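Here is a short briefing to read alongside the structure. Keep the 3D view open and follow the topics one by one.

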Number of protein chains: 4
Amino acid sequence: MNTHSFLVLFGRDRRHKINKKEKNNKYHLILKAAVKVFARQGFYQSTVAQIAREAGVADGTIYLYFKNKDDILVHFFSYRTKQVFERFRAEVNKSDNSLDKLRNLIRRHLTEFQRDRDMAVVYQVETHQNSRLAEDQIREMSQMYQDLVSEIVETGQQEGRIRKDLYVGLVKRFILGAVDEVINTWLHSDKNYDLVSMADPLVDLFVRGIGTSD
Amino acid sequence: MNTHSFLVLFGRDRRHKINKKEKNNKYHLILKAAVKVFARQGFYQSTVAQIAREAGVADGTIYLYFKNKDDILVHFFSYRTKQVFERFRAEVNKSDNSLDKLRNLIRRHLTEFQRDRDMAVVYQVETHQNSRLAEDQIREMSQMYQDLVSEIVETGQQEGRIRKDLYVGLVKRFILGAVDEVINTWLHSDKNYDLVSMADPLVDLFVRGIGTSD
Amino acid sequence: MNTHSFLVLFGRDRRHKINKKEKNNKYHLILKAAVKVFARQGFYQSTVAQIAREAGVADGTIYLYFKNKDDILVHFFSYRTKQVFERFRAEVNKSDNSLDKLRNLIRRHLTEFQRDRDMAVVYQVETHQNSRLAEDQIREMSQMYQDLVSEIVETGQQEGRIRKDLYVGLVKRFILGAVDEVINTWLHSDKNYDLVSMADPLVDLFVRGIGTSD
Amino acid sequence: MNTHSFLVLFGRDRRHKINKKEKNNKYHLILKAAVKVFARQGFYQSTVAQIAREAGVADGTIYLYFKNKDDILVHFFSYRTKQVFERFRAEVNKSDNSLDKLRNLIRRHLTEFQRDRDMAVVYQVETHQNSRLAEDQIREMSQMYQDLVSEIVETGQQEGRIRKDLYVGLVKRFILGAVDEVINTWLHSDKNYDLVSMADPLVDLFVRGIGTSD
DNA sequence: CATGAATGAGCCTTCATTCAT
DNA sequence: AATGAATGAAGGCTCATTCAT
């Protein structure tokens, strides 16, 4: 007996809630199917019919949950990706040490993107597009990430673990860019290596650079 | 015997020369127009008619120089972008010192992408797509870039300027990723700052990292 | 034996009455809502969902009272409009004098159409359509109207008040057409004048024409 | 050898003109086909595919000549119907006598609408619609017609042939309405009688009315 | 070589209708 | 009886590509 049947048997009066959940389920069902299709073929190469087929619903059903095709992408960013980025913050907060914060962030980043490859692909593509359909959502997430790095750098500088002569704006791009590229390479590879194992070497590069100390 | 066969028999040489030149001109004309349109609207959002209008030719003319719409993008990568990447090599060769090589590479990279913004946009988008129309070309260029970094790292290690305990494969992504992100941010900004000025601080980060030495 | 059969056996009368009344209520509710929506947007531009919303019922409920969308229009004509046209007859019967009959008819016509603007619009549109969904109903009403005019003319001819050298078939169209156009103009105006006030001048035109007597 | 090949052989220098005409022809071809389909099924029941088939062109070709489906109707009114209404004016100008002017107008009206039945149907439907796609064009034509009637009435009043105690605004609707209804009835009949033969009896009704003189 | 009118496959979206609840 | 989520057929429109001139 699983959680669901438990609710059915003992939680009858929660009927409305269950319905709510089922409705929610279809929303998520379509969203997940859409991201899968987008990941495989790209947004513009994907058809609503393909998404519907992937989700196992009729074409028209899509429009009960999303305004139009574009809207699916917007929802993906404002729901799924935002969710992931909020986990990043939680991870950073787990430690007080700046370098641990950084390591936690990178590890989590790679972990989440490895776990949900479809999300990773769509995220990569869309954030590098010029005319971004989910412009606002992307900007918001980017800001969230940069704030985390800012916080890490500031903490590190106070601790004396991070250099004080840094242009923080550049550090943000430096870190995000490197992580993105590691993910991007993984996505275009055969993916038969562990993405998360890149975290520690990467952090090492961030902190110590490639140069010798002298 | 019609007009055409007359020219074929008696006007061959002259005709061929003129055609060659015109063809070349129009080929580049269309290519440039296409990249401009792609940069503005994305590949799939751009229409052949728009490219033709931008180039000042008829729609049908496009098909005298390119097999189809996809082919334009392939040509862009195999012609224009390859050209740029070859300049990177030349730049790296200008110095014997590994860190100078690196600095030269990054500077040239930023210089070229700042100079031709349309190319930059199309390059960014296309290299992050999953289903890459110009798969082969992109792979080739990526390889070219990575070879440069490999060479720099090896040189540096021999010189004692670059750490020996590095996973070179990761260093490549580390560097390319950071540069890409700096460019990407610039492309999505108001572009009223000098991209090339990011080169030296970036190289400094690559070499020394963000950590304090102790 | 279930709840339903219990009611069938012991509660027949009461149940039927209630149902009949509720059904009737909802039937009229939907019909009125439909006409309102049709008047605003035209039949084909109106959706069943809009009608349902306007009536405050669920989409599916419509189909408990009407076979399909077309059927609503048919019912409108066979119920509402027919009702109106029957009042015309009553009005004509109120007088024995042919010209009074005519005046009463025109007045009533304008009065009813001014009172129920939605009906007026739908009637106007539908009677001028080529492929009439409510073909039979419209034909029947048209016949009803023409019979009234026939009767008026015949009475008038016997009284010596109406010319005997008339092609009665044409007179019918002459009168109905003029009234229709007066209504049509009113419907497309700002409607801030009294439609009924047109009755007497109109009857005057019907009777005396625009020419001088000599 | 047919007409076409004759032109090809001997009429070469008219090449451009022929093209121009053919182009024009396709515009008219589609317009005519569209009106035919609209007349048969109504605007909203007609599909672009049907129009294309009727015109013998591809669906997409429609959009080379018209912005969208609505635009076809607008063009119909601003081109074809306007043309007809301008002939009305010419006809009215043919005589100086007010009653002859009126007779000429009515005759021409019935003649043109009998000649082009498709136009007649579309005109009837569209002018009685509430939400008129060709609102402006219809208003303009209506005005044109009313101006003609105004002119006729004024002339007649000066001549002493038309009563001076008339509300001219009503006379316009009185006349147009009756004519419209005569046409409307004809359109919904088997059309095996001559519409134009209604002109004289109708004018007689307009001028003398149905009443006896005393 | 160059043109651009014509094509028609394909896609997004709407909406009348059904049916499980 | 009533609901409204789900369906899927159908239609307007776009646009890459062709080909007669």
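**An aromatic pair in chain A**

Y27(A) counts as buried, because its relative accessibility is 16%, below the 20% cut-off. Please keep in mind that this is a predicted model. The points below start from this tyrosine and then move on to other rings and to the DNA.

- Across all chains, the structure holds 50 aromatic pairs.
- One of them joins Y27(A) and Y79(A) edge-to-face, with 6.3 Å between the centres and 75 degrees between the planes.
- Y27(A) belongs to helix 2 and Y79(A) to helix 5 of chain A, so this pair ties together parts 52 residues apart in sequence.
- Y79(A) is partly exposed, at a relative accessible area of 32%.

**Other ring contacts**

- One aromatic cluster in chain A is made up of F85(A), F88(A), F113(A), Y123(A) and Y145(A).
- In chain B, K69(B) lies over the face of F43(B), 4.7 Å from the ring centre.
- In chain C, K69(C) lies over the face of F43(C), 4.7 Å from the ring centre.

**Around DNA strand F**

- DNA strand F is surrounded by 31 residues, and the closest include T61(A), Y65(A) and V48(B).
- Of the strand F atoms that come within 4 Å of the protein, 70% are sugar and phosphate.
- Phosphate oxygens of strand F lie 3.0 Å from a side-chain N or O atom of K26(A), 3.0 Å from a backbone N or O atom of A58(A) and 2.9 Å from a polar backbone atom of V48(D).
- Helix 4 of chain C gives the largest share of the surface near strand F, five residues.
- That surface comprises twelve nonpolar, twelve polar and seven charged residues.

Definitions and conventions
Residues are numbered from 1 along each chain as its sequence is written. Chains are lettered from A and ligands numbered from 1 in the order in which they are written. This is a predicted model: local features need pLDDT of at least 70, side-chain atom pairs count only at pLDDT 80 or more; totals for chains, interfaces and linings use all residues. Side-chain values use heavy atoms; hydrogens and water are left out. A residue is near a molecule or strand if one of its heavy atoms lies within 4 Å of it. A polar contact is a pair of N or O atoms within 3.5 Å; within protein, one must be able to donate a hydrogen and the other to accept it, and residues adjacent in sequence count only if both atoms are side-chain atoms. Helices (H or I, at least four residues) and strands (E, at least two) are DSSP runs, numbered from the N terminus. Ala, Val, Leu, Ile, Met, Phe, Trp, Tyr, Cys and Pro count as nonpolar, Asp, Glu, Lys and Arg as charged, and the others, Gly among them, as polar. Rings of Phe, Tyr and Trp (its six-membered ring) pair if their centres lie within 6.5 Å; planes under 30 degrees apart count as stacked, over 60 as edge-to-face and the rest as tilted. Buried means under 20% relative accessible area, exposed over 50%, partly exposed in between (1.4 Å probe, protein chains only). A charge sits over a ring if NZ of Lys or CZ of Arg is within 6 Å of the ring centre and within 35 degrees of the ring normal.
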